[in-house]
Amino acid sequence: MQTCPACDLSLPDLNQYCSNCGHRLAAPTPSTVNAIEKPSSGDCEWLYPAGAFISGLITFFSSWIYCTVTYGFLFGFGLGWIPSFILAAIVGSLWPLIALAVMAFVVFLMLSSK
Ligand SMILES: [Zn+2]
């Protein structure tokens, strides 16, 4: 129940105007309160795991290829996936800061080794 501020008449909560004097009732209806939703927690929650997966994958194969080129097929390809996997896991967890720097570093090493 709500009370009209003008004539103190008790009115149902659904009433937006007083049935006695026509005064607009200030109290919001329950449906209006429920309609006000708290802001969503964000539409970019998928961005971090997606970026971690993609940057980790790119780092893994870039590092593996670099190991193969640098240390030869036997050691580079056969054992290069171990440090590449560790590096990819680190980069994947910190990809926003590291991904670009590591990729640029790998490209720089590949270019400078020729
Ligand atoms: Zn009234």
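**Entry 1. Gly56**

I began with the contacts of Gly56 in this predicted model. Leaving aside neighbours within four places in sequence, I found Gly56 in contact with Ala88, Ala89, Val91 and Gly92. I then looked up the position of Gly56 and noted that the residue belongs to helix 2. For Gly56 and Gly92 I recorded a C-alpha separation of 4.5 Å, although these positions lie 36 residues apart along the chain by sequence offset.

Is Gly56 buried or exposed? I entered Gly56 as buried, because 20 C-beta neighbours lie inside 10 Å and the cut-off for burial is 20 or more.

**Entry 2. Helix 2 against helix 3**

I turned next to the packing of the two helices. Helix 3 covers residues 81-93, and helix 2 covers residues 47-79. At what angle do helix 2 and helix 3 pack? I noted an angle of about 160 degrees, with the axes 8 Å apart. Angles over 145 degrees count as roughly antiparallel, so I described helix 2 as roughly antiparallel to helix 3. I recorded the crossing of helix 2 and helix 3 as right-handed.

I then listed the residues that make this contact. From helix 2 I noted Ala52, Phe53, Ser55, Gly56, Thr59, Phe60, Ser63, Trp64, Cys67 and Leu79. From helix 3 I noted Trp81, Ile82, Pro83, Ser84, Phe85, Leu87, Ala88, Ala89, Val91, Gly92 and Ser93. Which classes of residue form the contact of helix 2 with helix 3? I entered 14 nonpolar and seven polar residues, and no charged ones.

**Entry 3. Leu57 and Tyr48**

I looked up two further residues of helix 2. Leu57 is placed in helix 2. I classed Leu57 as exposed, because its count is 12 C-beta neighbours inside 10 Å and the exposed class takes 12 or fewer. Between Leu57 and Val91 I noted 9.6 Å from C-alpha to C-alpha, at 34 residues apart in sequence.

Tyr48 also has its place in helix 2. I entered Tyr48 as partly exposed, because 13 C-beta neighbours lie inside 10 Å. The C-alpha atoms of Tyr48 and Leu94 are 9.5 Å apart, and the two residues are 46 apart in sequence.

**Entry 4. Loop residues**

I moved to the loops. Where is Asp8 found? I located Asp8 in the loop between strand 1 (2-3) and strand 2 (10-11). I noted a positive phi of about 60 degrees for Asp8, which is not a glycine. I classed Asp8 as exposed, because 9 other C-beta atoms lie within 10 Å.

Ala26 lies in the loop between strand 2 and helix 1 (30-35). I entered Ala26 as exposed as well, because its count is 9 C-beta neighbours inside 10 Å. From Ala26 to Gln2 I recorded a C-alpha separation of 9.6 Å, at 24 residues apart along the chain.

**Entry 5. The chain as a whole**

I closed with the totals. How many helices and strands does the chain have? I counted four helices and two strands. Along the sequence I read the pattern β-β-α-α-α-α. I noted that 13% of the 114 residues of the chain count as buried, Gly56 being classed as buried. Among contacts with a separation of 6 or more, I recorded that 38% come from residues 24 or more positions apart.

Technical notes: Residues are numbered from 1 along each chain as its sequence is written. This is a predicted model: local features need pLDDT of at least 70, side-chain atom pairs count only at pLDDT 80 or more; totals for chains, interfaces and linings use all residues. Axes are lines fitted to C-alpha atoms, for helices over the stretch in contact, and angles run from 0 to 180 degrees between N-to-C directions. Angles under 35 degrees count as roughly parallel, over 145 as roughly antiparallel, 65 to 115 as roughly perpendicular and the rest as oblique. A crossing is left-handed if the near helix is turned anticlockwise from the far one by less than a right angle, and right-handed if clockwise. Two residues are in contact if their C-beta atoms, placed from the backbone, lie within 7 Å. Ala, Val, Leu, Ile, Met, Phe, Trp, Tyr, Cys and Pro count as nonpolar, Asp, Glu, Lys and Arg as charged, and the others, Gly among them, as polar.
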